[in-house]
Number of protein chains: 4
Amino acid sequence: MSKVIKGGTVVTADREWKADVLIEGETITQVGADLKGDEYIDAEGAYVIPGGIDPHTHLEMPFMGTTAAETFETGTWAAAAGGTTMLIDFCLPGEDGSIKNAINEWHRKSAPQICADIGYHMAITGWNENIFDEMKVAVDMGVNSFKHFMAYKGALMVEDDEMFASFQRCRELGALPMVHAENGDLVDLMQKKLLADGMTGPEAHAYSRPPEFEGEAANRAITIADAAGTPLYIVHVSCEQSHEAIRRARQKGMRIYGEPLIQFLTLDESEYFNKDWDHAARRVMSPPFRNKDHQASLWAGLQSGSLQVVATDHAAFSTEQKRLGVDDFTKIPNGSNGVEERLAVLWTEGVETGRLTPSEFVAATSSNVAKILNIYPKKGAIVEGADADIVVWDPKITKTISASNHHSILDYNVFDGFEVKAQSRYTLSRGEVIWAWGQNSQPQPGRGRFVPRPPFSSAAKALSHWKALNSPRSITRDPMNIPAGI
Amino acid sequence: MSKVIKGGTVVTADREWKADVLIEGETITQVGADLKGDEYIDAEGAYVIPGGIDPHTHLEMPFMGTTAAETFETGTWAAAAGGTTMLIDFCLPGEDGSIKNAINEWHRKSAPQICADIGYHMAITGWNENIFDEMKVAVDMGVNSFKHFMAYKGALMVEDDEMFASFQRCRELGALPMVHAENGDLVDLMQKKLLADGMTGPEAHAYSRPPEFEGEAANRAITIADAAGTPLYIVHVSCEQSHEAIRRARQKGMRIYGEPLIQFLTLDESEYFNKDWDHAARRVMSPPFRNKDHQASLWAGLQSGSLQVVATDHAAFSTEQKRLGVDDFTKIPNGSNGVEERLAVLWTEGVETGRLTPSEFVAATSSNVAKILNIYPKKGAIVEGADADIVVWDPKITKTISASNHHSILDYNVFDGFEVKAQSRYTLSRGEVIWAWGQNSQPQPGRGRFVPRPPFSSAAKALSHWKALNSPRSITRDPMNIPAGI
Amino acid sequence: MSKVIKGGTVVTADREWKADVLIEGETITQVGADLKGDEYIDAEGAYVIPGGIDPHTHLEMPFMGTTAAETFETGTWAAAAGGTTMLIDFCLPGEDGSIKNAINEWHRKSAPQICADIGYHMAITGWNENIFDEMKVAVDMGVNSFKHFMAYKGALMVEDDEMFASFQRCRELGALPMVHAENGDLVDLMQKKLLADGMTGPEAHAYSRPPEFEGEAANRAITIADAAGTPLYIVHVSCEQSHEAIRRARQKGMRIYGEPLIQFLTLDESEYFNKDWDHAARRVMSPPFRNKDHQASLWAGLQSGSLQVVATDHAAFSTEQKRLGVDDFTKIPNGSNGVEERLAVLWTEGVETGRLTPSEFVAATSSNVAKILNIYPKKGAIVEGADADIVVWDPKITKTISASNHHSILDYNVFDGFEVKAQSRYTLSRGEVIWAWGQNSQPQPGRGRFVPRPPFSSAAKALSHWKALNSPRSITRDPMNIPAGI
Amino acid sequence: MSKVIKGGTVVTADREWKADVLIEGETITQVGADLKGDEYIDAEGAYVIPGGIDPHTHLEMPFMGTTAAETFETGTWAAAAGGTTMLIDFCLPGEDGSIKNAINEWHRKSAPQICADIGYHMAITGWNENIFDEMKVAVDMGVNSFKHFMAYKGALMVEDDEMFASFQRCRELGALPMVHAENGDLVDLMQKKLLADGMTGPEAHAYSRPPEFEGEAANRAITIADAAGTPLYIVHVSCEQSHEAIRRARQKGMRIYGEPLIQFLTLDESEYFNKDWDHAARRVMSPPFRNKDHQASLWAGLQSGSLQVVATDHAAFSTEQKRLGVDDFTKIPNGSNGVEERLAVLWTEGVETGRLTPSEFVAATSSNVAKILNIYPKKGAIVEGADADIVVWDPKITKTISASNHHSILDYNVFDGFEVKAQSRYTLSRGEVIWAWGQNSQPQPGRGRFVPRPPFSSAAKALSHWKALNSPRSITRDPMNIPAGI
Ligand SMILES: [Zn+2]
Ligand SMILES: [Zn+2]
Ligand SMILES: [Zn+2]
Ligand SMILES: [Zn+2]
Ligand SMILES: [Zn+2]
Ligand SMILES: [Zn+2]
Ligand SMILES: [Zn+2]
Ligand SMILES: [Zn+2]
């Protein structure tokens with residue numbers, strides 16, 4: 001049975017035009033004028049865009065002695081309500097350290113629950129021969145990106161030599177290294193210093209992780225990636241300092257990608273100074289919100305192309321969980337929400353203000369990351385042959401964001417009170433309408449699928465080729481000109 | 001009668017994939033597997049890319065007391081042989097200063113000659129009410145971009161207030177201002193100084209136009225565009241100095257585009273120090289070739305997106321014409337060739353080295369400028385509905401560039417001796433094979449068409465909206481707090 | 001009769017140490033421990049610093065249809081009360097355009113009035129042979145610096161070619177070119193546009209002169225100076241944009257100096273949004289105060305050495321004069337006060353906060369500009385042989401700045417309400433105590449002298465030498481390789 | 001018995017003027033015209049400058065399994081012949097790790113040998129309570145600077161947390177942290193990779209330590225210093241990458257100092273590609289020489305003030321010692337010479353070309369580092385009360401540098417063949433002529449003295465104050481707004 005999305009303006013990363021979209025089964029089969037089908041989905045007055053891809057979520061993640069409250073079901077469902085049809089979740093190795101087992105464990109948790117599609121990034125939290133070997137297994141299992149934590153000392157953090165080894169392995173495998181860029185040594189020492197000075201509240205969280213620590217780590221990771229000869233993706237870019245490091249690298253031709261979060265584009269550090277402890281603690285995440293000056297930098301990055309992807313780092317801990325750190329800010333579980341709000345907030349603050357064109361909005365919310373992660377145009381595109389992950393985006397449905405009307409499991413919302421000017425009228429996942437605004441849509445756990453991603457993106461191949469051509473060459477010396485040694 | 005381009009790898013600005021391309025009449029009607037048609041064009045082992053668009057040519061341009069030797073026929077023919085199916089030529093007002101008359105004059109010259117499609121940029125070389133009015137006429141005639149010369153004092157050069165007026169007019173009309181960025185006052189004074197010091201040879205041309213003069217003008221034009229609230233396109237970016245100005249503007253969110261030339265990416269100023277006067281004079285153009293350090297900057301700009309378009313500024317003067325300046329470098333007609341070599345040289349130095357991916361090559365040679373000039377995806381794309389301007393690009397046909405084997409009217413070639421590793425196997429213009437390598441293709445003057453371009457690109461609209469939202473606001477003062485005046 | 005300044009801590013640009021200072025006549029004759037003399041000046045608990053030099057004042061300047069209210073007497077007297085013992089005033093040519101006559105006219109006005117020493121910068125407001133010739137006369141008369149206005153179109157503004165000619169002349173004479181850097185064309189157009197939009201209040205003054213216009217002009221002036229081969233001094237640097245241009249030039253080895261004003265370091269554009277018209281209009285100056293972000297840039301410039309001198313651009317117009325522009329912001333006489341407050345405010349905001357060391361304070365208030373203007377160590381130093389222009393600077397005398405307690409002729413003060421933490425206990429001009437805090441000091445008009453300044457600073461000489469070594473060289477070509485021409 | 005240096009032009013960091021210099025005992029007692037004394041030293045036609053201070057030497061240093069060949073006697077003697085009267089040598093802890101013992105050991109070695117004065121920097125090569133305690137001892141013993149190696153993994157290298165701890169301790173003590181900035185993890189891995197690839201020659205040394213590794217470490221050290229609240233001195237800045245990090249920090253107001261070496265200003269990496277193994281190996285040092293592009297950056301740093309000090313890192317290993325690495329570049333002892341050549345080469349390439357003024361030459365060779373290390377004006381100045389460490393610098397004595405005419409113990413010279421245009425006519429150390437050109441001067445081992453340096457430079461005090469004023473502040477929350485916890 002075929003469907004036609006009728007009467008809308010299709011917006012892709014490269015253009016916008018009036019067209020209908022024909023879907024047969026799970027796939028887009030035609031984009032053009034006056035298409036016919038068995039069913040019609042009304043897109044009059046709306047935009048038709050690729051379903052959002054949020055490349056940075058932590059669902060049910062065991063972390064800091066607890067587990068993120070958002071489940072694979074509620075997370076993918078909230079995402080769908082917000083116009084996002086694919087999440088890339090971070091997979092962490094378990095006690096045994098095995099990558100393969102971790103991926104299987106993530107499958108076990110996610111498969112019965114997910115309402116839309118999913119992929120994983122694999123975390124590299126140490127280095128040994130088994131990890132070296134299993135990185136290949138991960139790639140074979142469809143995971144083509146590896147995350148490295150430069151912070152969380154004593155837990156997830158890796159050292160420079162481990163990163164170099166892993167990045168080299170990524171180059172061999174055609175996989176993409178990613179980093180959480182904060183100097184973990186310095187954060188650790190600053191936390192101890194602040195606690196020693198009696199500063200225990202959530203504001204100390206911000207003080208313990210200044211933008212300089214993020215910029216330093218970003219710069220270091222870039223240096224390592226350049227030495228290893230691989231592109232690099234820097235997650236949750238929050239500030240001018242790391243953005244500057246990215247720009248500086250890119251203007252030398254290095255292939256570095258940067259991902260600001262929707263939170264960082266619109267919220268600022270004054271939230272941590274709120275007189276209500278709960279309010280402040282709910283916003284505790286790493287890196288923290290920055291002062292407003294940084295927002296202009298991030299927006300300009302999206303406009304100029306030095307930053308490519310807007311994500312959420314959705315890691316939802318309940319108020320009760322946040323209170324684990326009531327006496328010690330370092331014990332507040334790190335994370336905030338956004339998987340449902342990302343598109344609406346970005347549209348409101350980006351497109352409605354003229355900062356971004358509609359195409360740039362699409363690029364930042366789906367197409368760019370699909371290209372970077374090498375699943376384009378299966379995802380992130382509206383083109384014949386692509387998965388029918390589509391959102392009918394209505395620029396006239398306003399909403400005031402609130403915990404009372406959101407779909408997350410969370411008991412609060414960091415965007416509470418924010419007035420958005422657009423929402424998803426319909427969200428389709430592989431051809432199926434999984435969310436329809438104003439109608440009684442229900443989650444369908446288990447219908448989502450894991451999407452394997454192939455290695456060797458064109459950027460990785462080109463860079464690797466360039467590095468090979470420009471590798472060190474030995475000087476040939478006449479034995480007469482080499483001393484005998486001693 | 002339909003045609004299918006069979007067996008190739010389609011490369012667009014966003015991806016590469018194995019597919020056939022079906023053409024009906026002048027238009028692409030399908031892209032996919034196993035297509036059938038009346039005729040087949042063999043693309044086995046080759047890439048199938050959008051026909052190149054060279055956005056910067058000067059065919060038969062009256063300039064410096066002579067007329068550029070390349071005709072609309074030979075220019076479009078050489079372009080086609082090199083894989084370029086559309087040129088945007090610079091239209092200069094005549095004696096009467098009328099824009100409308102100039103466009104008609106350009107039509108008169110080009111229409112009977114052109115072998116493939118064409119468009120114009122209109123030059124604004126002064127400012128008055130008539131020009132203000134006729135800019136609207138130009139837009140209505142399909143010319144949505146206006147060029148401003150900051151150099152050539154006493155001839156084409158305009159002043160800052162004229163540029164501001166024209167840029168504001170561009171914003172109203174949704175047209176794109178462009179600049180030739182060099183400080184004309186300083187060039188003029190430096191020329192006089194060098195001549196006074198007895199320096200008359202072509203090397204003095206380079207000395208008279210240092211990169212600092214280009215950077216200064218680029219920065220100034222950007223300031224004016226920002227004040228007027230319009231995007232800006234900077235032609236023939238040759239150096240780090242102007243590239244730096246562009247990057248600096250872009251990282252503030254300004255919408256500035258930069259166009260390096262294929263000459264600047266691969267040739268350097270040592271050509272002017274050649275002991276053979278003719279050799280040096282043939283390379284005289286403005287801005288001049290720069291030292292090699294600048295090349296790395298330009299390549300990185302293409303990689304990172306701070307520069308978007310590779311053009312040629314093709315303005316071909318014969319050796320005999322060049323000799324007009326034998327006693328005085330300021331009389332050497334400015335211009336060099338490249339319309340035929342652009343794709344092959346960029347592929348060889350860009351894609352074969354790993355600097356650029358094939359998609360980035362396509363973006364730089366056609367798609368980006370089609371977007372910037374608002375004719376995408378009619379041009380610059382391989383998608384259903386687009387004009388069938390297509391090149392079957394063969395990465396195995398090598399050639400040593402030489403005046404003896406090129407298709408330009410010119411008696412020399414600035415890329416002489418350059419070994420290229422790829423060439424066009426077939427060039428199609430609106431569905432017709434106009435060039436087939438190794439076969440006896442002939443120019444078909446008059447078959448090309450003028451392509452009108454609509455105003456109001458999405459970037460222009462977004463920026464104008466942002467500027468309107470952020471325009472100055474009056475302070476409301478109680479009359480009690482305003483003095484009576486004196 | 002000798003004097004000893006006893007018991008203080010001498011602070012110079014290079015160090016601080018406990019020492020007495022012996023003065024004989026007008027001159028410092030010894031600096032050391034336990035000095036003896038006929039009289040003693042108590043410096044216990046205080047710093048002993050070189051008298052301030054304010055290199056940027058406009059006393060009794062005819063401007064915008066009126067004349068600056070501060071006289072040479074009140075200006076030098078207020079300066080002395082604030083610890084400044086030398087002013088460099090801007091000399092403007094009169095109707096006849098003669099430089100020589102203008103200097104003589106300035107002598108005529110200043111000589112009978114000045115309470116402390118003075119020098120002039122000469123303004124170049126056009127270009128012709130007479131000006132070329134008279135620049136030499138100015139240098140012979142002791143004026144070694146020439147100011148160029150890039151703004152005030154239709155009045156003082158000069159064009160790029162005029163600046164280049166004048167800068168070249170400066171190089172020949174060993175004189176220092178200076179610029180008021182704002183793009184006068186753009187300011188003019190923006191003023192007209194704002195007035196046309198009905199914006200007549202003082203806030204429109206700020207809107208009409210955005211930081212981008214200043215940065216553009218600074219960058220342009222730098223390019224011209226580099227082409228001419230001369231150092232350049234940029235007056236009243238107000239913003240990151242022009243500071244960035246200066247930094248960028250300096251990091252290429254160019255010899256560019258930048259002068260932030262004490263106003264720009266501490267006051268911001270919100271003053272123009274004040275609901276009281278008079279309050280706002282009194283702050284109208286060009287460039288205008290900027291938003292607070294720019295202040296951090298300027299302070300860092302002083303810390304790192306990319307900016308060298310803190311000045312005031314003291315141009316005092318009374319409230320009544322300001323009201324000339326009550327209906328039209330472009331008619332508000334441009335200028336604000338600071339000659340008396342400069343040291344106290346810079347100390348309070350700079351040294352008391354730890355931004356600047358005491359030596360850096362001295363460098364910024366006297367020594368650096370004395371070096372740049374080639375009168376060091378006669379002025380700006382505490383060393384044997386120097387003029388005894390000395391301030392006993394007391395870090396314990398606080399004051400709330402107010403028009404009621406200042407010494408300027410002005411009926412208001414832009415620093416009104418500012419709490420300063422230090423003041424001059426004694427101010428000596430050439431050995432004479434001309435100001436003693438808490439005692440009934442009186443102005444002594446006519447005791448000040450004009451201080452001639454020699455040309456050819458060491459920086460100018462070095463740069464000129466470098467440029468000569470690196471000037472263009474002709475290529476020698478065999479006549480066989482030069483065509484006959486046509 | 002008094003001496004007068006007669007008839008010269010005194011050059012200090014702030015000016016140049018004709019003056020005689022009177023010396024009584026070890027001290028300058030007067031600087032002025034027509035001075036009289038018991039003896040006269042002829043300075044006609046010469047400059048009289050402060051004796052050079054080389055802040056970076058490794059005499060008799062145990063390193064890489066051998067000991068640097070230059071002794072305290074030959075090192076200080078060669079220095080004196082070249083116009084340098086004080087060295088600051090790097091003191092390394094011995095087996096017991098004790099700072100105190102190391103300083104005493106350095107005294108034991110140096111005291112009987114040194115021909116002129118000396119000071120030490122103390123290396124921090126690990127972290128524990130004893131080191132924390134003994135840093136205070138070092139300061140009390142007159143060592144106010146602590147060096148941290150970010151390279152030499154497995155040997156001298158320290159980790160980020162150790163650096164942070166040590167830098168904080170420096171702040172408390174008013175001492176100056178210094179870093180050797182190269183990412184030691186990456187160097188180590190790159191060395192292994194190159195060896196594994198069969199690259200054993202000295203050229204691989206350069207490949208194993210690219211400029212990016214230096215820039216990364218500089219940036220990291222700056223971040224740590226900023227977090228700890230202390231100034232930072234970066235030794236042997238060789239490249240644009242670390243210079244860029246320094247500039248970027250300084251333009252935010254951070255107090256970062258950079259020390260290029262005379263080698264890096266004038267020699268380049270092509271030396272490592274020399275066909276003669278010995279030639280290449282003799283130039284092996286860390287960081288290595290860079291390509292020529294970096295030289296322009298370093299010179300501009302000296303001109304603009306972003307770099308302050310020119311040093312040598314003099315660590316002289318004989319050809320025989322160098323051959324320890326004949327089969328493995330990682331075993332070539334790292335170090336090169338320069339202590340004798342520094343002034344002559346800097347004058348020739350700096351002052352004679354117009355890049356530097358004579359005062360800037362003095363600043364870079366003595367005054368700046370004396371200020372930074374808090375021994376100014378005892379050293380680095382020509383002023384009453386200063387140590388009479390003076391050089392009569394003759395700009396007319398030329399020399400071709402060669403191992404045959406140098407005073408170092410070394411059997412080669414990395415500046416071999418370099419034509420210098422100036423030399424020391426007389427070198428005085430605390431009033432005594434220890435070197436006279438063309439006369440049979442002899443080393444006087446043991447006459448030199450250790451010069452203790454006090455802590456708490458004015459820059460350190462100001463910065464510490466600023467940081468204290470801007471430290472984190474707790475938010476005060478009503479207990480009602482803090483949850484009970486769980
Ligand atoms: Zn993270
Ligand atoms: Zn995360
Ligand atoms: Zn041009
Ligand atoms: Zn052109
Ligand atoms: Zn001014
Ligand atoms: Zn002024
Ligand atoms: Zn070192
Ligand atoms: Zn060293």
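These legends describe close-up views of a predicted model.

**View 1. Two histidines hold a zinc ion in chain D.**
His180(D) and His236(D) coordinate the zinc ion (ligand 7). The donor atoms are ND1 of His180(D) and NE2 of His236(D), at 2.1 to 2.2 Å. The zinc ion (ligand 8) is 3.4 Å from the zinc ion (ligand 7). His180(D) sits in strand E14 (residues 176-180) of chain D, and His236(D) sits in strand E15 (residues 232-237) of chain D, so the pair ties together parts 56 residues apart in sequence. His180(D) is buried, at 2% relative accessibility. His236(D) is buried too, with a relative accessible area of 2%.

**View 2. The zinc ion (ligand 1) in chain A is coordinated by His180(A) and His236(A).**
His180(A) offers ND1 and His236(A) offers NE2, at 2.1 Å. Between the zinc ion (ligand 1) and the zinc ion (ligand 2) there are 3.4 Å. Which strands supply the two histidines? His180(A) comes from strand E14 (residues 176-180) of chain A, and His236(A) from strand E15 (residues 232-237) of chain A. The pair therefore ties together parts that are 56 residues apart in sequence. His180(A) is buried, at 1% relative accessibility. His236(A) is also buried, and its relative accessible area is 2%.

**View 3. In chain C, His180(C) and His236(C) coordinate the zinc ion (ligand 5).**
The atoms involved are ND1 of His180(C) and NE2 of His236(C), at 2.1 Å. The zinc ion (ligand 6) is separated from the zinc ion (ligand 5) by 3.4 Å. Strand E14 (residues 176-180) of chain C holds His180(C), and strand E15 (residues 232-237) of chain C holds His236(C), so the pair ties together parts that are 56 residues apart in sequence. Are these histidines buried or exposed? His180(C) and His236(C) are both buried.

**View 4. Helices H8(D) and H11(D) pack against each other.**
H8 covers residues 240-250 of chain D, and H11 covers residues 293-304 of chain D. Their axes are 9 Å apart, at an angle of about 30°. That angle makes H8(D) roughly parallel to H11(D), because angles under 35 degrees count as roughly parallel. The crossing of the two helices is left-handed. Which residues meet here? From H8(D) come Glu240(D), Gln241(D), His243(D) and Arg247(D). From H11(D) come His294(D), Ser297(D), Leu298(D) and Gly301(D).

**View 5. A cis peptide bond joins Ser286(D) to Pro287(D).**
Omega is about -5° for this bond. Pro287(D) lies in the loop between helix H10 (277-282) and H11 of chain D.

**View 6. A cis peptide bond runs from Tyr376(C) to Pro377(C).**
Here omega is near 5°. Pro377(C) belongs to the loop between helix H14 (358-372) and strand E17 (390-394) of chain C.

**View 7. Asp34(A) has a positive phi.**
The value is near 55°, in a residue other than glycine. Asp34(A) is in the loop between strand E5 (27-32) and strand E6 (39-42) of chain A. Its relative accessibility is 60%, so Asp34(A) counts as exposed.

**View 8. Tyr152(C) has a positive phi.**
Phi of Tyr152(C), a residue other than glycine, is near 65°. The loop between strand E13 (145-149) and helix H4 (160-173) of chain C contains Tyr152(C). Tyr152(C) counts as buried, at 17% relative accessibility.

**View 9. Ser2(B) lies in strand E1 of chain B.**
E1 spans residues 2-6 of chain B. Ser2(B) is buried, at 10% relative accessibility. What does Ser2(B) contact, leaving aside neighbours within four places in sequence? The contacts are Leu22(B), Ile23(B), Glu24(B), Gly37(B), Asp38(B) and Glu39(B).

**View 10. A turn of 180° lays chain B on chain C.**
The shift along the axis is 0.0 Å, and the RMSD is 0.0 Å. This is the relation of a two-fold axis. The same surface serves both copies, as 100% of the contact residues of chain B recur in chain C.

**View 11. A turn of 180° lays chain D on chain A.**
The RMSD is 0.0 Å, with a shift of 0.0 Å along the axis. Both copies use the same surface: 100% of the contact residues of chain D recur in chain A.

Conventions:
Residues are numbered from 1 along each chain as its sequence is written. Chains are lettered from A and ligands numbered from 1 in the order in which they are written. This is a predicted model: local features need pLDDT of at least 70, side-chain atom pairs count only at pLDDT 80 or more; totals for chains, interfaces and linings use all residues. Side-chain values use heavy atoms; hydrogens and water are left out. Donors are N, O and S atoms within 2.8 Å of the metal (3.2 Å for Na, K and Ca); water is not among the atoms, so sites may look incomplete. Helices (H or I, at least four residues) and strands (E, at least two) are DSSP runs, numbered from the N terminus. Buried means under 20% relative accessible area, exposed over 50%, partly exposed in between (1.4 Å probe, protein chains only). Copies are superposed by least squares on the C-alpha atoms of residues with pLDDT of at least 70 in both. Contact means heavy atoms within 4.5 Å. Axes are lines fitted to C-alpha atoms, for helices over the stretch in contact, and angles run from 0 to 180 degrees between N-to-C directions. Angles under 35 degrees count as roughly parallel, over 145 as roughly antiparallel, 65 to 115 as roughly perpendicular and the rest as oblique. A crossing is left-handed if the near helix is turned anticlockwise from the far one by less than a right angle, and right-handed if clockwise.
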